[in-house]
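Colleague: Before I rely on the labels in your annotation, could you take me through what each one rests on?

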Amino acid sequence: MGQETTTAGAGPGGTGRSATPLDEVDRRILAELVRDGRMSVRTLAERVHVSRTNAYARLERLLRDGVVTGFRALVAPEPAGLGTSAYISLTIQQNTWREVSAELARVRYIEHVALLSGEHDVLALVRAPDNATLRDVVLSRVQGIAGVLSTRTWLVFDEFDGAGSPWA
């Protein structure tokens with residue numbers, strides 16, 4: 001089933017402390033929240049067969065420990081006007097990853113960035129209104145960042161979700 005614990009705040013500004021291991025009830029809570037993050041604590045408690053107090057306390061702990069990082073709407077890119085999606089790989093100067101990461105985080109239309117090991121150093125998902133905007137993002141904004149040596153772009157033709165995490 002994968003990793004049973006998480007390190008809260010392991011990212012920038014995190015505490016680095018170990019979180020409490022997830023038990024079966026925590027996993028059921030996560031599964032329900034992944035299905036519907038808008039449900040009330042009362043409904044959540046009913047669905048996982050625990051008291052409302054228990055569900056509330058567990059949800060608070062999952063939030064505090066950084067297991068649940070927030071709640072948000074999932075927006076379908078195309079109906080929202082972002083009809084062009086692409087992955088951009090970047091090769092960067094190795095000592096510039098912090099600066100490059102900070103700059104990429106400010107580029108409009110970049111939805112997700114991952115630092116990688118292997119042939120490429122960074123992979124970014126771009127969702128833009130059209131090819132002209134994508135071109136501007138890649139050729140002007142991304143390639144204009146100090147430390148970026150080269151880019152490679154893959155246009156996305158279609159997307160679908162996989163099976164998901166163990167609690168999905």
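Colleague: How do you know that the span of helix H1 agrees with its 12 residues?

Modeller: H1, residues 24-35, is a helix here as a DSSP run of H or I with at least four residues; at 1.5 Å a residue, taken over one less than the number of residues, the expected span is 16 Å, and because its end C-alpha atoms lie 17 Å apart, the two agree. This is a predicted model, in which local features need pLDDT of at least 70 and side-chain atom pairs pLDDT 80 or more, while totals for chains, interfaces and linings use all residues. Residues are numbered from 1 along each chain as its sequence is written, and side-chain values use heavy atoms, without hydrogens or water.

Colleague: Which residues of H1 are called buried, and what do they pack against?

Modeller: Val25, Asp26, Arg27, Ile29, Leu30, Ala31, Glu32 and Leu33 are buried, that is, under 20% relative accessible area with a 1.4 Å probe, protein chains only. They pack against helices H2 (41-48) and H3 (52-64), with contact meaning heavy atoms within 4.5 Å.

Colleague: What makes up the largest pocket?

Modeller: Its volume, the space filled by probe spheres set on the grid points, is about 1,300 Å³. Of its 31 lining residues, those closest to the centre are Val34, Arg72, Ala73, Leu74 and Asp161; a pocket is an open set of points on a 1 Å grid, fitting a 1.4 Å probe, with protein on both sides within 12 Å along at least five of seven lines, and lining residues have an atom within 4 Å of a point. H1 supplies the largest share of that lining, 4 residues.

Methods
Helices (H or I, at least four residues) and strands (E, at least two) are DSSP runs, numbered from the N terminus. Buried means under 20% relative accessible area, exposed over 50%, partly exposed in between (1.4 Å probe, protein chains only).
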